[in-house]
Amino acid sequence: MTTSEAKGLLRILCRHRIPLTLSVPFLLRAQRAGIQETADQAGCHRSLFRMALEGRRKPPSNLIAVLEEKLGCDPWRLEAQVRSRQSSSGTK
């Protein structure tokens, strides 16, 4: 799967309100990577990665950079963009 395909799938999952806690690990597995491997590449703990996906912690910039490389985008920014478009268009 290319990064542009991963980004497109993430956009679709966000539109359908699939939480990042499910969509990001799914896309990482499709890229033959996992949470632990991605966290290690970013130099952070897996628990911090999970808390960032849950929205309980701000994602570190190095984690965002690794995800941009693997998925072609910052998942938190993409999710915010999709939600703002949905709220402005009146879509639930």
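Here is a walk through the fold, from the whole chain down to single residues.

Keep in mind that this is a predicted model. The chain has six helices and zero strands, so reading along the sequence simply gives α-α-α-α-α-α. Its radius of gyration is 13 Å, close to the 12 Å that the globule rule gives for 92 residues, so the chain is as compact as a globular protein of that length. If you prefer box dimensions, the C-alpha trace spans about 40 × 30 × 20 Å along its principal axes.

A few chain-wide numbers round out that picture. Buried residues account for 39% of the 92 residues. Take the contacts between residues at least 6 apart in sequence, and 58% of them join residues at least 24 apart. The accessible surface comes to about 5,500 Å², and carbon and sulfur atoms own 50% of that. As for charge, there are 16 positive and 8 negative charges, and the mean positions of the two sets sit 8 Å apart.

Now for the helices, starting with α3, which covers residues 35–42. Its buried residues are I35, T38, A39 and A42. They cover an arc of only 100° around the axis, which puts them on the same side of α3. The spacing fits a familiar bit of helix geometry: an α-helix has 3.6 residues a turn, so residues three or four places apart point the same way. And what does the buried set of α3 pack against? The partners are α2 (20–30), α4 (46–54) and α5 (61–71). Just past the end of α3, G43 takes a positive phi of about 75°.

Next door to that glycine is C44, in the loop between α3 and α4. Is C44 buried or exposed? With a relative accessibility of 11%, C44 counts as buried, the cut-off being under 20%. Leaving out residues up to four places away in sequence, C44 touches A39 and L63. A39 is already familiar as one of the buried residues of α3. For a sense of distance in the other direction, the C-alpha atoms of C44 and L22 are separated by 19 Å, with their positions 22 residues apart along the chain.

Helix α4 can be read in the same manner. Here L48, F49, A52 and L53 are buried. They cover an arc of only 140° around the axis, which puts them on the same side of α4. The cover over these residues includes α2, α3, α5 and α6, and α4 in turn is among the helices that the buried residues of α3 pack against. Just after α4, G55 takes a positive phi of about 85°.

Back towards the start of the chain, S23 is a good residue to click on in helix α2. S23 is buried, with a relative accessible area of 1%. Which residues does S23 contact once its neighbours within four places in sequence are set aside? They are L10, L13 and I18. Of the helices, α1 runs over 3–15.

The loops on either side of α2 hold a pair of backbone oddities. Most residues other than glycine have a negative phi, and most peptide bonds are trans. R17, in the loop between α1 and α2, has a positive phi of about 60° although it is not a glycine. R32, in the loop between α2 and α3, also has a positive phi, near 65°. What about their exposure? R17 is partly exposed at 44% relative accessibility, while R32 counts as exposed at 75%.

Last comes helix α6, which runs over residues 75–89 and holds S84. S84 has a relative accessible area of 40%, which makes it partly exposed. To relate this helix to the other end of the sequence, take T2: the C-alpha atoms of S84 and T2 are separated by 26 Å, and the two residues are 82 apart along the chain.

Key: Residues are numbered from 1 along each chain as its sequence is written. This is a predicted model: local features need pLDDT of at least 70, side-chain atom pairs count only at pLDDT 80 or more; totals for chains, interfaces and linings use all residues. Side-chain values use heavy atoms; hydrogens and water are left out. Buried means under 20% relative accessible area, exposed over 50%, partly exposed in between (1.4 Å probe, protein chains only). Helices (H or I, at least four residues) and strands (E, at least two) are DSSP runs, numbered from the N terminus. The arc is that of the directions from the helix axis to the C-beta atoms. Contact means heavy atoms within 4.5 Å. The radius of gyration is taken over C-alpha atoms; the globule rule is 2.2 Å times the number of residues to the power 0.38. Accessible areas come from the Shrake-Rupley method with a 1.4 Å probe; for residues, only the protein chains shown count as cover. Lys and Arg count as positive and Asp and Glu as negative; His and the chain ends are not counted. The place of a charge is taken as NZ of Lys, CZ of Arg, CG of Asp or CD of Glu.
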